[in-house]
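Visitor: I would like to learn how to read the places where parts of a protein meet. Could we look at one together?

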Amino acid sequence: MNVLMNAKILSVLAATLLAGTAQAADPIKIGVPVGLSGANSVVAPSVVQAAELAVEEINAEGGVLGRPLKLVVADDGSGAVGAQKAFDALVFRDEVDVLISMETSAARNAGLPIVQRGRIPYIYTSFYEGRSCSPFLYVDAWVPEQQVPPVVDYLKAEGAKTYFLIGSDYAFGRGMLDFAESYIKETGGEVVGEEYLPMDGTDWTAIISQLKSSGADALITSTAGGAPNVTLTKQLRGAGVTIPYANLAVDEGTAKSMGADAEGILISASYITGIDSDENKSFLKAMNDKFGGDLRTPNDLSVPQYEGVYLYKEAVEKAGSTDPRAVLKALGEVSFTGPRGTIEMSKQHHAPLTMYLGQVQADGSVKVVESFPNVDPGEQCPDL
Amino acid sequence: MARRRRGLVLLVLALVAAAVMLAAPAVLDRFSLNVLTRAMIFAILAITVDLLWGFAGILTFGQAAFFGVGAYATAMILTHVGDSAPYVALGLVAAVILPMVVGAMVGWLTFYPGSSAFYATIISLVVPIVVTQVIYSGGTFTGSSSGLVGYWGMPLSLEGYFRLAGVVLVAVAFAALVFVRSDAGRLLTAIRNNETRCAYLGINTQRIKILLTVVLAGVTGLAGFLYANASGMVAPENAGFVFGTELVVWTALGGRGTIVGPVLGAVGIGYLSAELSGDLPFLWQLLIGTLFVLVIIVLPNGLAALVAPLKAWRKPPPPPTLVALPVTVPRRTGTAPLLAMEKVEKSYGSQKVLADITLTVAPGELVSLVGPNGAGKTTLMRCMTDGAAASGGTVRINGTAIAGMLPDAIVARGIGRKFQVASVFEDLTVAECLRMARACHETPSLVAAAETLALPASAIDILRLTGLDRMLASPVSLLSHGQKQSLELAMVVSLEPELILLDEPTAGLTKTERSTIGTVLKTLTAERGMAAILVEHDLDFVREISSRIVVLHQGRLVVDGTVEEAVNADIVKRIYSGGGHE
Amino acid sequence: MSLFLDVVTSSAVLFIVATGLLTIFGVLKIINFAHGAWLTVGGYCAVATTQTGLSPWLALPVAFVVGGVLGILTERFIVRPLYARPLDAILATWGLGIVIGQLITLIFGRDVQFTPSLIPGTVDVFGTAYSAYRLFALLAAVVLGLGFAFLMEGTRLGLSARAVIMNETLARILGLDTAKIRTVTFMIGTGLAGLAGVLLTPLTSVDPNMGVAWLVGSFMLVMVAGESFGTLAVACLLLGGAQVVVSTYVSPILGGITIAVLAALILRLSPKGFSRA
């Protein structure tokens with residue numbers, strides 16, 4: 001299946017490259033550096049699909065300012081060194097007009113100096129630990145200030161007073177739990193344990209034993225995506241842990257495939273497939289029509305990518321050109337109503353978002369328990 | 001002269017390469033500039049891996065860790081302390097010094113007497129893992145998994161960084177090439193070939209390896225400094241074990257032991273992967289992996305080996321001219337015997353191999369040690385040259401007890417040992433082997449291969465008598481068995497030892513060669529005041545040359561006397577009639 | 001109590017993972033750096049077995065056979081030319097590991113795969129509810145260890161293998177087919193690695209990199225253990241125990257590097273590890 005996937009990306013690339021010389025109107029190039037290999041490669045295909053749909057839809061409507069959009073995808077290896085190559089290739093070889101992508105924090109940081117040298121806009125579409133600031137960078141996904149409070153408020157309402165926090169030892173894991181800890185304290189709760197395992201750690205035994213002996217009422221975890229999430233959940237279930245469990249880092253797709261092991265887990269996201277809106281329904285249908293059997297479940301990383309493309313379209317139209325300076329100014333002013341609702345990156349280059357608290361059901365689906373409209377991202381970049 | 005000309009050619013090539021680096025930004029696009037700048041910085045690392053692995057035989061994944069330490073030192077100073085010119089300079093100093101300090105610790109941990117090649121590899125795995133973990137745990141100080149970004153480094157343009165990285169790469173490659181062709185550089189190959197022989201030539205191989213690790217850690221740190229500046233960010237993966245393995249992959253593909261090969265490997269793969277891997281990430285890694293396995297199995301010397309035949313037409317450097325050193329009679333200090341063994345014993349578990357050995361040897365003596373196989377002759381020799389060998393009793397050299405001393409320290413006290421199976425350096429030439437034997441008398445040059453080779457007259461005699469003096473430029477691997485034996489003897493004699501230990505020096509030699517060696521030994525002992533202990537089975541030979549005979553039987557000294565006494569002793573007749581020896 | 005259980009079961013898991021590596025290193029003096037890839041292959045055998053609707057337990061023999069067959073091919077074409085170059089063998093097998101990882105990615109995709117737990121739930125041990133599967137892992141480790149002891153001490157193959165360990169030249173002179181013994185040993189080692197991969201699946205996710213995380217740890221344990229299963233068990237108990245204790249009382253992050261650092265120090269002090277003691 002993945003072979004097909006790659007072949008598909010290749011053929012798209014080839015087609016777009018060929019098209020470049022044939023098309024009358026010069027296309028607007030959108031660079032998508034993304035982790036096709038490495039840690040992010042599980043989710044990257046869904047991100048690429050979302051971007052492809054957005055580009056197809058926009059081009060079908062006549063493009064942007066009469067020019068078609070063109071995607072240029074590059075693998076960043078989910079890390080810093082790969083990202084440098086990918087950003088260099090996109091910015092300086094392919095000379096894209098904008099970068100729109102979901103990436104690891106290390107890859108984003110590695111790319112930023114290159115973006116600054118290339119002086120083009122960069123829309124970052126991944127939720128992250130927050131406070132990445134650059135005049136060239138806009139973010140349309142959530143930060144801890146938006147994601148954590150719904151979870152803690154819900155657990156508190158359920159009667160939890162003591163919390164145990166478990167994370168992977170990296171910027172996102174620590175950033176999320178540090179915020180969670182301070183928020184829990186602010187709201188009168190108590191953190192009885194906070195433990196981290198190295199990112200590639202697989203043996204949670206000692207931490208789970210500590211969790212059990214701590215007698216905590218609820219568990220909040222923020223591990224690296226993919227494997228650590230799965231190993232921790234499996235080992236928690238194996239050890240018979242049954243206290244309420246909120247996972248700040250699991251995506252809907254992973255939760256779904258974990259099946260019964262994931263039942264009852266609380267997740268907090270700006271996108272859940274079960275959102276009941278016309279925009280979401282037509283988005284899901286369009287995705288299904290376009291990709292059919294190859295469809296990767298849309299998620300909290302791919303939908304911001306989809307909306308990122310639209311936000312860029314709006315900004316270019318508002319600016320009247322692809323001139324980076326004008327587009328960068330417009331990006332903070334335009335809005336787009338997509339599957340997640342109306343998105344506007346108006347708050348210090350970040351976006352207020354509607355957050356959803358979901359709970360994994362026995363069949364793997366995620367039920368929306370509660371929604372929190374227009375959660376503010378807080379003071380992310382006061383200097384911008 | 002020819003040597004100097006070769007050096008000159010290299011210098012001209014380096015200057016041309018540097019000029020190309022300075023001019024290249026004019027014709028390269030920004031994408032290539034950026035990609036090549038980083039690839040060239042990584043190529044500096046590949047050179048250090050090549051020196052360690054390709055030349056000295058130390059397989060290391062740890063260079064990534066030193067690189068990371070250097071890069072993070074720079075980035076952390078620029079982020080947290082300050083970014084004006086003095087702080088950039090401070091970053092440079094820290095980026096070189098800190099990795100050297102870590103390198104010294106790692107070197108001390110890795111290279112100890114008796115450490116195995118595997119152990120060095122293990123440590124080189126642990127170091128990047130630990131460094132990466134420290135970075136992850138460093139919070140905002142190190143930026144954890146996100147790395148550090150957004151600091152200001154040297155105020156250079158893209159072109160400026162390209163030129164800087166290019167010139168530094170050319171300089172490092174030039175220095176490395178000069179070094180590996182120098183006499184000191186050949187020492188690395190000698191250590192890789194035969195560390196024991198090095199030790200028994202009085203060379204402290206551990207110290208050299210630690211020194212090499214420290215110096216290369218500094219070079220690696222310098223590359224880290226360049227990287228932190230040029231890329232404007234550092235990330236944990238720069239210090240990780242996976243990056244360390246990539247460096248080895250580039251070095252292996254390019255061609256280990258060639259310096260230029262790894263540079264081309266690092267730059268070539270770096271550039272190609274930037275061009276291609278974005279489009280076919282998994283296929284690209286599959287391709288590199290497969291190529292790597294094939295190269296290791298089929299082309300251990302890398303892709304450089306494919307062009308090696310082209311080098312064949314180039315004339316090899318001429319061998320150095322032999323120069324005889326003035327004859328010196330060993331200066332004796334004090335009156336203690338040269339060798340004094342007292343009640344020495346050696347046992348393996350409950351098995352006693354040597355018991356109650358008491359033996360003294362004075363200058364000028366030529367003592368033959370005889371006895372049937374398994375009598376403990378070789379073990380006894382080992383007890384004389386390795387402070388850790390004996391399990392009891394004392395061994396004194398010139399009055400100093402050697403217990404706990406390492407072979408190289410004991411050799412430095414005036415003992416030379418020739419092994420039973422010729423122990424020489426397979427990848428060196430005859431002249432280079434002899435140069436190694438003089439290394440502890442005459443520190444080899446770090447930058448040049450000397451035009452002359454000064455040896456004691458007796459060593460030159462051995463070379464002349466065996467015809468090796470006409471084969472100085474020949475690779476040792478092409479020598480016959482007998483020639484290797486003679487070469488080793490010449491090497492040991494070149495040490496100018498006061499006491500020379502020879503384990504079956506005539507085994508496998510022709511009658512003529514044998515008498516040649518006999519003559520040399522007689523001259524050395526009778527005229528130059530050297531003492532010799534000889535393990536020998538050929539009783540006729542022994543009778544002819546010995547001044548004294550010691551008979552070892554079942555781990556005990558049963559006879560110690562003149563040739564006459566020994567030959568007529570009953571026990572000797574009994575052993576040798578029943579022992580099946582000639 | 002739960003600390004004690006954590007120590008023994010963690011050690012048991014490490015033991016299971018390291019046996020395949022030890023088998024090969026003990027007899028052939030070759031470090032199979034593709035060991036992680038074989039664990040992964042084992043994990044995917046479990047995925048494939050359950051996807052075809054068979055009992056997950058059936059994955060154990062399947063993984064042993066698949067791992068073994070791949071091992072025979074590897075020994076023949078990659079390792080055999082490198083017996084005289086042990087450091088190059090490390091590199092060639094590392095490269096092979098990359099290749100296997102990429103092939104798995106191309107066939108199964110990058111996604112994290114799921115397998116049902118072999119034994120779900122907990123068991124009461126002296127009043128502590130403890131993971132049933134971890135206790136099973138302890139049993140499996142003991143069975144593996146005893147089984148191997150029997151193989152080495154009680155069978156002709158074991159005798160031949162020990163002969164090769166002690167003196168290969170002599171073994172050959174005595175008429176033993178040392179090439180065949182090497183192949184069979186390598187096959188058993190890689191088969192065991194595949195088996196270990198299946199046994200890991202209830203504890204970890206199955207993805208193309210699942211084995212790599214275990215590689216360095218098992219490598220260290222084997223270096224410390226030398227060549228016998230007894231010393232491997234001791235090494236796993238001591239170092240695995242240290243890992244659990246450090247994780248529990250100091251920090252799980254330090255716990256993560258405990259094995260590697262302790263092993264390096266042990267080898268520095270006693271170059272032959274535990275095999276001499």
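**Reading the contact surfaces**

Guide: Let's begin with chain C and chain B, which have 8 residue pairs in polar contact, both residues being at pLDDT 80 or more. A polar contact is a pair of N or O atoms within 3.5 Å; within protein, one must be able to donate a hydrogen and the other to accept it, and residues adjacent in sequence count only if both atoms are side-chain atoms. This is a predicted model, where local features need pLDDT of at least 70 and side-chain atom pairs count only at pLDDT 80 or more, while totals for chains, interfaces and linings use all residues. Residues are numbered from 1 along each chain as its sequence is written, chains are lettered from A and ligands numbered from 1 in the order in which they are written, and side-chain values use heavy atoms, with hydrogens and water left out.

Visitor: Which helix gives the most residues to the side of chain C that touches chain B?

Guide: That is H4(C), with 15 residues. Helices (H or I, at least four residues) and strands (E, at least two) are DSSP runs, numbered from the N terminus. By class, the side of chain C that touches chain B has 30 nonpolar, 3 polar and 5 charged residues. Here Ala, Val, Leu, Ile, Met, Phe, Trp, Tyr, Cys and Pro count as nonpolar, Asp, Glu, Lys and Arg as charged, and the others, Gly among them, as polar.

Visitor: How much area is buried between chain C and chain B?

Guide: The size of an interface is often given as the accessible area lost when the parts come together. Buried area is what two parts lose in this way (1.4 Å probe), summed over both. For chain C and chain B the figure is about 3,200 Å², and carbon and sulfur atoms give 82% of that. Leu87(C), Leu91(C) and Arg268(C) supply 22% of the area that chain C buries against chain B, more than any other three residues.

Visitor: And how many salt bridges are there across that interface?

Guide: The rule finds 1. A salt bridge needs a side-chain nitrogen of Lys or Arg within 4 Å of a carboxyl oxygen of Asp or Glu. The partners are Asp88(C) and Arg256(B), whose closest N and O atoms are 2.9 Å apart.

Visitor: What does the contact between chain A and chain B look like in numbers?

Guide: Counting contact as heavy atoms within 4.5 Å, 32 residues from chain A meet 35 residues from chain B. These two chains bury about 2,700 Å² between them, with 54% of it on carbon and sulfur atoms. There are 2 salt bridges between chain A and chain B. Glu275(B) forms a salt bridge with Arg93(A), the closest N and O atoms being 2.6 Å apart. On the side of chain A that touches chain B, H3(A) gives the most, with 8 residues.

Visitor: Can parts of one chain be read like this too?

Guide: Let's try chain B, where the domain assignment (automatic or from a database) gives domain 1 (2-311) and domain 2 (352-578). Their centres, taken over C-alpha atoms, are separated by 43 Å. About 2,500 Å² is buried between domain 1 and domain 2 of chain B, 60% of it on carbon and sulfur atoms. In domain 1, Asp183(B), Arg197(B) and Tyr200(B) lose the most area to domain 2, together 32% of what that side buries. The two domains of chain B share 4 salt bridges. Asp183(B) meets Arg435(B) in a salt bridge (3.4 Å, N to O).
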